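Reader: I would like to go through the labels used for this model and hear the grounds for each. Please set the value against the criterion where there is one.

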Amino acid sequence: MSPVDAPPLAEVLQQAAMVWRLFRAGQSLDRAIAAVVDKRPNLRPAVQDASYSAVRHLAASERIIERLSARTPARDVAALLAVSLAQLQSGRYGDHVVVDQAVSAARSSPKTRAASGFVNALLRTFVRERESLLADLRVDEVVHYNLPRWWIERLQRAYPPDWKAIAESQQQPPPLVLRVNTSRLSVDAYLRTLQDLGISAMRVGPQALWMHEPRPVSAIPGFSAGDVSIQDGGAQLAASWLDARPGMRVLDACAAPGGKTAHLAELGATDLTALEVDPDRALRIEENLRRIGVAARIVIGDARQPDTGVLYERILLDAPCTASGIVRRHADIPWLRRPTDVAQLTTVQRELLDALWPLLTPGGRLLYVVCSLFPEEGREQINRFLERRPDARQVPLPAAQLLPTSTSVAAWQDCGLPTLHDGFFYALLEKTR
């Protein structure tokens, strides 16, 4: 969207404040954005950008409001202040523009009109005291890393030497990583196409390219034709590590949105079933397969209660988890999760493993994947499974726990593992009898 076509910032702030209220009430950010801009698609890019920026500055903004307010502002006023303070911290607009447009937004709504003077005063105070105020607040790790205290403490226990680097990397904007469909063209050939178009990119994995400048899918060369897909470098390991060869019966459990299903088909899986419990999300699988030009059976059902009449030689279990490894893509996750969610999700993962294991043929393999950093969902989950199942052995992989890497990485060399990726845990399990 060009600056000429961009909606007024006041309108964007007002809509983003509505998103913020839904998000702080417990909705995911994507659902909240969809609910607010569903009937106004022209606003979506700007509102989405402002909403994500607000969440990436959540801890600081809420502490600033608390510090500079004599009493707790009304919910609608606090929401407008949060999204406006995020814009001031991001530096995308001039300070005077943000303050002026925030006051205009306050005046345009009956719920915030009486507080327009307060909004003006608080934002101006922040602009005046920004440097010292932020320096003081960022002494607190919650503000510095924009993570809840309980989340930080889990990272500290799990990764004593690495937790700061993990938290820092997850504050970065999410990189746009593509998976090249190597059944059609080579990675180097696609990279040359981008270079010819003046698009800066770098190879960061066996099939992975990092486009340095984010862009919508409609502007990614070859995307609509199925030449490339958007998929993190770490997630791209699943299909290759499962090693599903032509003719094998393969199950992709918990398959939506279908990125791994499509990748399996690209690599030669010919007898492929995608299982998904949510009918709406299953439509995404169909869309992804159609775009790539590959096929799979799509089955609506609960992987915890699978059809036991069919056995598979390969099973991919991309299990529900805390998503603690993909925070830079979904900055709302730490603020939506509760400490008790970890135990609840590990229960679901255990149920899935136990339900799917009988569907595996002797000598068959199940690849367990979670986009998590928490050991309870990864290493500890698999250790408990191996204790329960004497007919299971763990097959060595080049890596098990992938920690998020920074966008300061060097270009990929032919080393197998991607150099730019989010956080994942992998375990390959073989049925011995």
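Author: The model is a predicted one. A pocket is a convenient place to begin: the second largest pocket has a volume of about 260 Å³. It is lined by 14 residues, and the closest to its centre are E62, I65, T72, P73 and A78.

Reader: What makes a residue count as part of a pocket lining, and which helices supply at least two residues of the lining here?

Author: A lining residue has an atom within 4 Å of a pocket point. Helix 1, helix 4 and helix 5 each supply at least two such residues to the second largest pocket. The largest share, 4 residues, comes from helix 5.

Reader: How do you know that the span of helix 3 agrees with its number of residues?

Author: Helix 3 covers residues 44-56, which is 13 residues. The expected span is 1.5 Å times one less than the number of residues. That gives 18 Å for helix 3, and its end C-alpha atoms are 18 Å apart, so the two values agree.

Reader: Which residues of helix 3 are buried, and what do they pack against?

Author: The buried residues are V47, A50, S51, Y52, S53, A54 and V55. They pack against helix 1 (9-24), helix 2 (29-37), helix 4 (58-68), helix 5 (75-90) and helix 15 (333-336).

Reader: Turning to the sheet, what is the order of its strands, and why are strand 2 and strand 4 called edge strands?

Author: The open sheet has 4 strands in the order 2-3-1-4, with antiparallel pairing. Strand 2 (201-203) and strand 4 (228-230) each pair on one side only, and are the edge strands. On average, neighbouring strands of this sheet are turned by 30 degrees against each other, direction ignored.

Reader: How do you know that strand 3 pairs with strand 2 and with strand 1?

Author: Two strands pair if there are at least two bridges between them. Strand 3 (residues 208-211) has 3 bridges to strand 2 and 4 bridges to strand 1, so both meet the criterion. Both pairings are antiparallel. W210 in strand 3 has M202 opposite it, and V177 also stands opposite W210. Strand 2 and strand 3 form a hairpin, with 4 residues between them.

Reader: Which way do the residues of strand 3 point, and are they buried or exposed?

Author: A208 and W210 point one way, L209 and M211 the other way, and all are buried.

Reader: Why is helix 13 described as largely enclosed?

Author: A residue is buried if its relative accessible area is under 20%. In helix 13, 7 of the 8 residues are buried, so the helix is largely enclosed by the rest of the structure. The buried ones are K260, T261, A262, H263, L264, A265 and E266. Helix 13 (residues 259-266) lies across strand 1 (176-180) and strand 4, and runs at about 30 degrees to strand 1. After the helix comes G268, with a positive phi near 115 degrees.

Reader: What makes the bond between A256 and P257 cis?

Author: Omega of the peptide bond that joins A256 and P257 is about 5 degrees, and the bond is cis. P257 is in the loop between strand 5 (249-253) and helix 13. Most peptide bonds are trans.

Reader: Why are D243 and A323 singled out for their phi values?

Author: Most residues other than glycine have a negative phi. D243 has a positive phi near 55 degrees, and A323 has a positive phi near 60 degrees. D243 is in the loop between helix 12 (237-242) and strand 5. A323 is in the loop between strand 8 (312-318) and helix 15.

Reader: Why is A323 called buried and D243 partly exposed?

Author: The relative accessible area of A323 is 9%, and buried means under 20%, so A323 is buried. D243 has 30%. Partly exposed lies between the 20% and 50% cut-offs, so D243 is partly exposed.

Reader: How do you know that A296 is partly exposed, and what is it in contact with?

Author: A296 has a relative accessible area of 24%, so it is partly exposed. It is in the loop between helix 14 (279-292) and strand 7 (297-300). Leaving aside neighbours within four places in sequence, A296 is in contact with T261, L272 and L289.

How values were computed:
Residues numbered from 1 in each chain as written. Predicted model: local features only at pLDDT ≥ 70, side-chain atom pairs only at ≥ 80, totals over all residues. Heavy atoms only, no water. Axes fitted to C-alpha atoms, helices over the stretch in contact; angles between N-to-C directions. Contact = heavy atoms within 4.5 Å. Buried < 20%, exposed > 50% of the residue type's maximum accessible area, 1.4 Å probe, protein only. 1 Å grid on protein atoms, 1.4 Å probe; cavity = no way out; pocket = protein on both sides within 12 Å on 5 of 7 lines; lining within 4 Å. Points joined across faces, edges and corners; volume = space filled by probe spheres on them.
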